[in-house]
Amino acid sequence: MLKIGLTGGIGSGKTTVAKVFQVFQVPVLDADSVAKQLMEEDALLIQAITQQFGADAYINGKLNRKFIANIVFKDAKALQQLNAIVHPATIAYAQKWITQQQSPYVVKEAALFFESGTDKEMDYMVGVTAPLELRISRVMQRDNITREAVLNRMNKQMSENEKMARCHFVIQNNEEKLLIPQIFQLHSHFLSLSK
């Protein structure tokens, strides 16, 4: 079974691309959602995050996302500490999930493949790219945050150019080139490779 990594910078539209793969009956794991779920359900993670960031990290058993985001998007070291806590649990979950799938190929969607080194576990990497201004406006609308806050998050991520240069395939999500034909072409390619 082929393992396909799907990545892209914030606002690139990788989640939209992942949903199209699901329409083609491809199992997709959203690593970012898994991480969020584990941060609220895994007792060891909750304990480690509380130790690292204090009692305000959780409110009534729910992760205080705004509090955490306020810290980690302003402090690169704090972001590294959070990732060091969460990544190993997310990676272990993904590895187990992959072994349970019955499909010619699976897709693992994650923002931080290259940063975490988990791209090495994938057979192919697919990048989703979009123009900067389009990405900014998508995130401002989606998260109801300021342009400055979006740029602050983007500055904490690997550059779009570097990320795309490391991918085997790149999908243009620029609202000019049709998205579904690009994904279908990759889907057909991965099906043929998996035979």
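**Figure 1. Contacts and overall dimensions of the protein.** Residues 24 or more positions apart make up 73% of the protein's contacts with a separation of 6 or more. This is a predicted model, and its secondary structure adds up to 10 helices and 7 strands. The C-alpha trace spans about 50 × 40 × 25 Å along its principal axes. How does the radius of gyration sit against that of a compact globule? The protein comes out at 17 Å, which agrees with the value near 16 Å for a compact globule of 195 residues.

**Figure 2. Surface and charge.** Of the 195 residues, 46% count as buried. The accessible surface is about 10,600 Å², and carbon and sulfur atoms own 52% of that. As for charges, there are 22 positive and 19 negative side chains. The centres of these two sets lie 1 Å apart.

**Figure 3. A look into the largest nonpolar core.** This core has 30 residues, and those touching the most other members are Met-39, Ile-49, Phe-53, Ile-68, Val-72, Leu-82 and Val-86. Which elements give two or more residues to it? They are α2 (31-41), α3 (43-53), α4 (65-72), α5 (76-99) and α6 (113-116). Helix α5 hands over the largest share, 8 residues.

**Figure 4. Zooming in on Ile-49.** Skip the neighbours within four places in sequence, and Ile-49 is still in contact with Met-39, Gly-54, Ala-57, Tyr-58, Leu-63, Ile-68, Leu-82, Ile-85 and Val-86. Apart from the largest core there is another one, with 18 residues, including Val-17, Phe-21, Val-26 and Phe-190.

**Figure 5. His-187 and its contacts.** His-187 belongs to helix α10, which runs over residues 179-194. Is His-187 buried or exposed? It counts as buried, because its relative accessibility is 9%, and the cut-off for buried is under 20%. Leaving out residues up to four places away in sequence, His-187 touches Phe-21, Phe-24, Val-26 and Tyr-105. Two of these names, Phe-21 and Val-26, also turn up in the 18-residue core.

**Figure 6. Lys-74 in its loop.** Lys-74 is in the loop that links α4 and α5. With a relative accessible area of 62%, Lys-74 is exposed, since the cut-off for that class is over 50%. What does Lys-74 touch once residues up to four places away in sequence are set aside? The partners are Asn-152 and Lys-156. For a sense of distance, take Thr-7: Lys-74 and Thr-7 are 67 residues apart in sequence, and their C-alpha atoms are 23 Å apart in space.

**Figure 7. Asn-144, a loop residue with positive phi.** Asn-144 sits in the loop between α7 (132-143) and α8 (147-155). Its phi is near 55°, a positive value in a residue other than glycine. The relative accessible area of Asn-144 is 70%, so Asn-144 goes down as exposed.

**Figure 8. Glu-175, with positive phi in another loop.** Where is Glu-175 found? Look in the loop between β7 (169-172) and α10. Glu-175 is not a glycine, yet its phi is positive at about 65°. At 63% relative accessibility, Glu-175 counts as exposed.

Notes:
Residues numbered from 1 in each chain as written. Predicted model: local features only at pLDDT ≥ 70, side-chain atom pairs only at ≥ 80, totals over all residues. Heavy atoms only, no water. Helix = DSSP H or I, 4+ residues; strand = E, 2+ residues; numbered from the N terminus. Buried < 20%, exposed > 50% of the residue type's maximum accessible area, 1.4 Å probe, protein only. Contact = heavy atoms within 4.5 Å. Core = buried A, V, L, I, M, F, W, Y, C linked by side-chain atoms within 4.5 Å. Rg over C-alpha atoms; globule rule 2.2 N^0.38 Å. Areas by Shrake-Rupley, 256 points an atom, 1.4 Å probe, with all protein chains shown as cover. Lys, Arg positive; Asp, Glu negative; His and termini not counted. Charge placed at Lys NZ, Arg CZ, Asp CG, Glu CD.
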